Amino acid sequence: MTTERSATSETATRSDLTFSIRTTRFDEDYVPASGSRITTNFANLARGENRQENLRRALTMIDDRANALAGTEDRYTVELDIVSADLHLGEDVDPDGTGTGVPLIEMLDVQILDRETGTRTRGITGNNFSSYVRDHDFSVRLPASQPAEGTKGQGPVVPDDFGVLHGRLFRRFITSDAYRERFAQPPVICISVSTSRTYHRIGTPHPVLGDEYATDGSSLTDLYFSRMGLQVRYFMPRGAVAPLAFYFEGDLLADHSDLALIGTIATMETFQRIYRPEIYNARRPAGETYRPTLDNPDHEDTGIVYDREERSRLGVTQGRVIEETLIAPHGERLAQWLAEEETR
């Protein structure tokens, strides 16, 4: 059954930017809330006539993968909560932290239940990270910045401040009272590798993360996440067919237990197998040199219904939403806040 827990907000500070957090259990009974980003992977699965079957099969895939990585049969169950963060601008904050705010970020938080002992291990937050501001940056702002078709000598244009606002909001959020009251560590954001880059296997395999890969350069996504204060490493876990990109701060290997890493891998590999089967459900695993492609015909379908076309289309819609609710009406306040942050 889907549950929603109480929100938390921090005391208003400089420029009155504060946050509140809601969590909702992601299970086979999950129904997206009215304010949820419907392009988010977990929300996409939870709609339509096959919604409950989609959810049940996805959760089973996650548990099976976690147990395979842990070398067990059915000892562990991965429990997932959707973390929804709202941004409040001063007067929008109610005393109990449940005032109307601007939806900012959604991601999954992981716990791993040991069925043998009944104990729960804290996992890592950050799975399926998504944000309205990122939708605006990639689906609205970036296309609008490109030169007119047919313009000679003009390649793709990336604004100098691309991702700066999003990065600053992210940093402010994970250092806020609202976040720190609930989570002991910053998020680790695990996503698909870029189809614009070639990857090369390096080093000695990690017991859980598997083979490490390095790439031949930085992608626009790497730049975007660097402005969130995150670095990246690429690993292909045992039994996987393609590496995953892990964006993190601190020390990815030392800061998290093997079981916590297993929870993240099992969750994100499952979603990527559903969302990008050409890469993550391919029949042939990545070799020493690897270039991912969405044109790979040699892959298997998971049988779980996922609407990629709708996801792409709604990214533009949700980018417009944040433009209308945050960027346009509060542009001056945000610019002032960014200026304050630059002087810190």
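Two strands count as paired if DSSP finds at least two bridges between them. The views below come from a predicted model.

**View 1. The protein chain as a whole.** The predicted chain holds 10 helices and 11 strands. Of its 344 residues, 51% are buried. Its accessible surface comes to about 15700 Å², and carbon and sulfur atoms account for 46% of that area. Among contacts between residues at least 6 apart in sequence, 67% join residues at least 24 apart.

**View 2. Strands S7 and S11 at one end of the open sheet.** Strand S7 (residues 199-206) and strand S11 (residues 289-290) run antiparallel and are joined by 2 bridges. Two bridges are enough to meet the cut-off, so S7 and S11 count as a pair. Within this pairing, His200 of S7 stands opposite Thr289 in S11. S11 is an edge strand and pairs on one side only.

**View 3. The hairpin of S7 and S8.** A hairpin of 3 residues leads from S7 to S8. The two strands, S7 (residues 199-206) and S8 (residues 210-215), are antiparallel, with 5 bridges between them. Tyr199 faces Thr215 of S8. His200 stands opposite Ala214 in S8, and His200 also stands opposite Thr289 in S11. The view can therefore be centred on His200 to show partners in both S8 and S11.

**View 4. Strands S8, S9 and S10.** S8 is joined to strand S9 (residues 231-236) by 3 bridges, and these strands run antiparallel. Here Asp211 stands opposite Met236 in S9. S9 is in turn joined to strand S10 (residues 244-248) by 5 bridges, again in an antiparallel arrangement. Gln231 has Phe248 of S10 as its bridge partner.

**View 5. The complete six-stranded sheet.** The sheet is open, has 6 strands and follows the order S6-S10-S9-S8-S7-S11, with antiparallel pairing. Its edge strands are S6 (189-192) and S11, each of which pairs on one side only. In general, strands of a sheet pair through backbone hydrogen bonds, either parallel or antiparallel.

**View 6. Phe246 and the largest nonpolar core.** The largest nonpolar core has 84 residues, and the members that touch the most others are Phe173, Ile189 and Phe246. Helix H7 (residues 258-275) gives the most to this core, with 9 residues. Beyond its neighbours within four places in sequence, Phe246 is in contact with a set of residues that includes Val188, Ile189 and Cys190. Also among the contacts of Phe246 are Leu209, Gln231, Val232, Arg233 and Phe235. Leu252, Thr264 and Ile265 belong to the contacts of Phe246 as well.

**View 7. An aromatic cluster with Phe173.** The whole structure contains 12 aromatic pairs. In one of them, Tyr179 and Phe183 are tilted, with 4.9 Å from centre to centre and 45 degrees between the planes. Tyr179 and Phe183 are both buried. These two residues form one aromatic cluster together with Phe19 and Phe173. Phe173 is also one of the residues that touch the most other members of the largest nonpolar core.

How values were computed. Residues are numbered from 1 along each chain as its sequence is written. This is a predicted model: local features need pLDDT of at least 70, side-chain atom pairs count only at pLDDT 80 or more; totals for chains, interfaces and linings use all residues. Side-chain values use heavy atoms; hydrogens and water are left out. Helices (H or I, at least four residues) and strands (E, at least two) are DSSP runs, numbered from the N terminus. A nonpolar core is a set of buried Ala, Val, Leu, Ile, Met, Phe, Trp, Tyr and Cys residues joined through side-chain atoms within 4.5 Å. Buried means under 20% relative accessible area, exposed over 50%, partly exposed in between (1.4 Å probe, protein chains only). Contact means heavy atoms within 4.5 Å. Rings of Phe, Tyr and Trp (its six-membered ring) pair if their centres lie within 6.5 Å; planes under 30 degrees apart count as stacked, over 60 as edge-to-face and the rest as tilted. Accessible areas come from the Shrake-Rupley method with a 1.4 Å probe; for residues, only the protein chains shown count as cover.
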